[in-house]
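User: Please take one part of this structure and look at it closely, after a brief word on how the whole is arranged. A careful, connected account would suit me best.

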Number of protein chains: 2
Amino acid sequence: MKVAKFGGTSLANAEQIRKVCDIVLADPDRKIIVVSAPGKRDRNDTKVTDLLIALAERYLAEGEAEAELAAVVERYREIARGLELSEEIVDVIEADLRERLKLDRSRPEMFMDALKASGEDNNAKVVARYLQSKGVAASYVNPKEAGLLVSDEHGNAQVLPESYEYLRTLREREGILIFPGFFGYSPAGELVTFSRGGSDITGSILAAAVKADLYENFTDVDSVFSANPNMVKNPQPIEKLTYREMRELSYAGFSVFHDEALIPAFRAGIPVCIKNTNNPSARGTMIVFEREPNGNPVVGIASADGFVSIYVSKYLMNREIGFGRRLLHILEDENLSYEHIPSGIDDISVILKEDRFDAEIEKRVVERIRKELAVDDVVVQRGLSMIMVVGEGMRHNVGTTARAAGALARAHVNIEMINQGSSEVSMMFGVQAVDEEKAVRAIYEEFFQSGPEKKHALEKETVTNR
Amino acid sequence: MKVAKFGGTSLANAEQIRKVCDIVLADPDRKIIVVSAPGKRDRNDTKVTDLLIALAERYLAEGEAEAELAAVVERYREIARGLELSEEIVDVIEADLRERLKLDRSRPEMFMDALKASGEDNNAKVVARYLQSKGVAASYVNPKEAGLLVSDEHGNAQVLPESYEYLRTLREREGILIFPGFFGYSPAGELVTFSRGGSDITGSILAAAVKADLYENFTDVDSVFSANPNMVKNPQPIEKLTYREMRELSYAGFSVFHDEALIPAFRAGIPVCIKNTNNPSARGTMIVFEREPNGNPVVGIASADGFVSIYVSKYLMNREIGFGRRLLHILEDENLSYEHIPSGIDDISVILKEDRFDAEIEKRVVERIRKELAVDDVVVQRGLSMIMVVGEGMRHNVGTTARAAGALARAHVNIEMINQGSSEVSMMFGVQAVDEEKAVRAIYEEFFQSGPEKKHALEKETVTNR
């Protein structure tokens, strides 16, 4: 049995939904289908989820939003017509939306969740109707009825352990089950959504619950690539990568997949396959527990900008027991999580994400560090990028660091920071944001484009005295 | 005005003391002379300080130690004879020692400090007598009378700020001043010793107090070397290094100089010169605030073994605010200070010194980490060495990392950890202890032995697939 999840662009219009249903019917093992809300039909389009947010916001503000409601209903009408379905399904959807709008507006988080999640919920009904119209034994499954119980955290629901037992019984149901992604229900019976990437989470939970042989994640790319195609021209596709590699790559901007969504599947040992709805015959990328070495210590290179470093120096710091702990405590009080902590003898730097570290927080943090830790110096440096080089073959491969650092040197990229030694499958280089693309390209070329016949001589005069 | 400090081997016997006095008289700026206790005359000899410890220990235990007392007195008698001094000075020293033995034995720390410090104190008297016997205007200075006030921590005294004002008046005194190193007096008037390297500390304090033009530190080597001579054959001498470079090198086993001794001189901006008593015409090594680049980004390579890493992994660790802080708190509760904290996405390693991390503490720490942090895995790895590559020219020199990592790769040394990015003047590589010497040699060769005509080609096949 397979669980297949289809993303928003895979279900953006009638034509896409036909493709999806063809894919579903092409493999009798595809039994549980998780659907997103209709996504963008082209670059300038608006996702149904965003239409729903606009609807909810206006209704919350003004108690009326007929134009916004009509826009949502219109999207489904167009889809229904394209699929040659009776208009009755559109009436069902409109009635459903009007029902949701009656919810308690004094609890805007709950109200917003209910409206947003209707995108997936109603799309699941449409897909089920379409399969039924073609004579397929398919049915829409309501997450409440199926027992997808989650914690009461709107926008960040966590699955409750008992859900797995309830959801396991989906195995016994006849026909193809169409399950809306993105939300579950609290024990009190209230709809609660997952965080970003929520449909992936639903698919992963279902795959774990029914002990699927495979969790297929259909999106709009042929595979995961070994580098960002916006930085590297035609990067190599990755055929297989391990969970650990995926997790490390996800950290620094591999946006194909919301990595935390994998946890339930990961814990249950279910392999995952990333495939392309628009090119289902492409092999895709398998995410597995273990893979055979393929001769390249590196499987992928990711990068992310928006990091800041707080450099703290104090003579004899390394004698002061508790210094690092107290420094981290100051950040914790501001609810900031750190990413890396390179340290020297008399200095330590904390690298964190810039987005939450605004000027006001910076001022408070710097003041507290000066005052409470009696340091000699504190310097904040913004505009850093992290380059993540990932591969299971890395740890015991003498020279991988030298090759990566050599590639950066030849590209004239100064290494601001290296974090290597805890993770066995990655090393991270901090560089100036302006050097990020150059750095990714240089490392990519070193590990993916230079065949054994092409040798890089790390010659002295090319790397020193500049 | 210069402050010159002479170490134990420089004052081990009459011949050495003559050399020292010749050095002192050769430069009229050498006005304040700090002396250690007589050190070893040859490899199998015993230092006077160790004789004094034996004397104090036996006396504490048995209330009698005539044999040990005689051994100390005999050393001074031999020196006095060699310097053709009257035996009266030996009587003065014996009387002084017998006076010290009358101190309160119920306070063994105080008692031990008083006996140990007599080594420096009485040697200062001998040196002053010798200079006087040659018609030089020289006088012994008692640290209590001069106002060297310290905190009441036996064996770890900290200088009190008011000392600097009192000691500044030494400038006004006539003639050459012979000042015993290693100890000061608490405000209550009790003798208290500094930590290891204590005579260096005294010299550094005096240099700062009198605002010396130079603090000369005479020892038994021509200079500080760019690598450990036990690992690298005939390593290059270092002509100049900055305070920061010295401090980073000291961390990993550069034992010529006790780096913390430098603090007072460092804070007062006094340059320091390391010179050889046995070869005073050698240029020695200058320790300065700033130096001109000399074309080599690296000034020295140090290494130390005896490190252990505690690897901790937990899925989604990087989302857990406070994780690192709580981990460090557990170590702090055991009074353990950490050295480095490399981190991955879902894992963090803490590198610390092995000497205090015994099996019992390991068991407690690992149990607490498992229990209190609910981690997936904890692994302790012993037998790590740290290689410290130091140089002011490093930070903005693209390719230094690549060269060092390349040298390690060619020597088939696997890099277990890299800590780079906080200190601007060092990078640190963690390797298996068995690879330590090989690693130091490889990096030394790369930065010190390969002229521009000798090129290292970092060829792929030499560094991969192993």
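Analyst: In this predicted model, chain A is superposed on chain B by a rotation of 179° with 0.0 Å of shift along its axis, at an RMSD of 0.2 Å (a least-squares fit on the C-alpha atoms of residues with pLDDT of at least 70 in both copies). The two copies are therefore related as by a two-fold rotation axis. They also meet through the same surface, because 99% of the interface residues of chain A are interface residues in chain B as well. Residues are numbered from 1 along each chain as its sequence is written, while chains are lettered from A and ligands numbered from 1 in the order in which they are written. Local features need pLDDT of at least 70 and side-chain atom pairs count only at pLDDT 80 or more, whereas totals for chains, interfaces and linings use all residues, and side-chain values use heavy atoms, with hydrogens and water left out.

The part to look at closely is an annotated site: an unreviewed UniProt entry places the feature "binding site" at A:Lys5, A:Phe6, A:Gly7, A:Gly8, A:Thr219 and A:Asp220, and such annotations may be inferred rather than shown by experiment. Although these residues span 216 residues in sequence, no two of their C-alpha atoms are more than 12.1 Å apart, so they gather at one spot.

Within this group, A:Thr219 belongs to strand β7 of chain A, residues 214-219 (strands being DSSP runs of E, at least two residues long, numbered from the N terminus). A:Thr219 is buried, with a relative accessible area of 14%, where buried means under 20%, exposed over 50% and partly exposed in between, for a 1.4 Å probe and protein chains only. A:Asp220, by comparison, is found in the loop between β7 and β8 (240-242) of chain A, and at 41% relative accessibility it counts as partly exposed.

The side chains of A:Thr219 and A:Asp220 make a polar contact of 3.2 Å, that is, a pair of N or O atoms within 3.5 Å, of which, within protein, one must be able to donate a hydrogen and the other to accept it, residues adjacent in sequence counting only if both atoms are side-chain atoms. Leaving aside neighbours within four places in sequence, A:Asp220 is in contact with A:Thr9, A:Asn276 and A:Asn278 (heavy atoms within 4.5 Å). With one of these, A:Thr9, the side chain of A:Asp220 forms a side-chain to side-chain polar contact of 3.4 Å.

Terms used
Helices (H or I, at least four residues) and strands (E, at least two) are DSSP runs, numbered from the N terminus.
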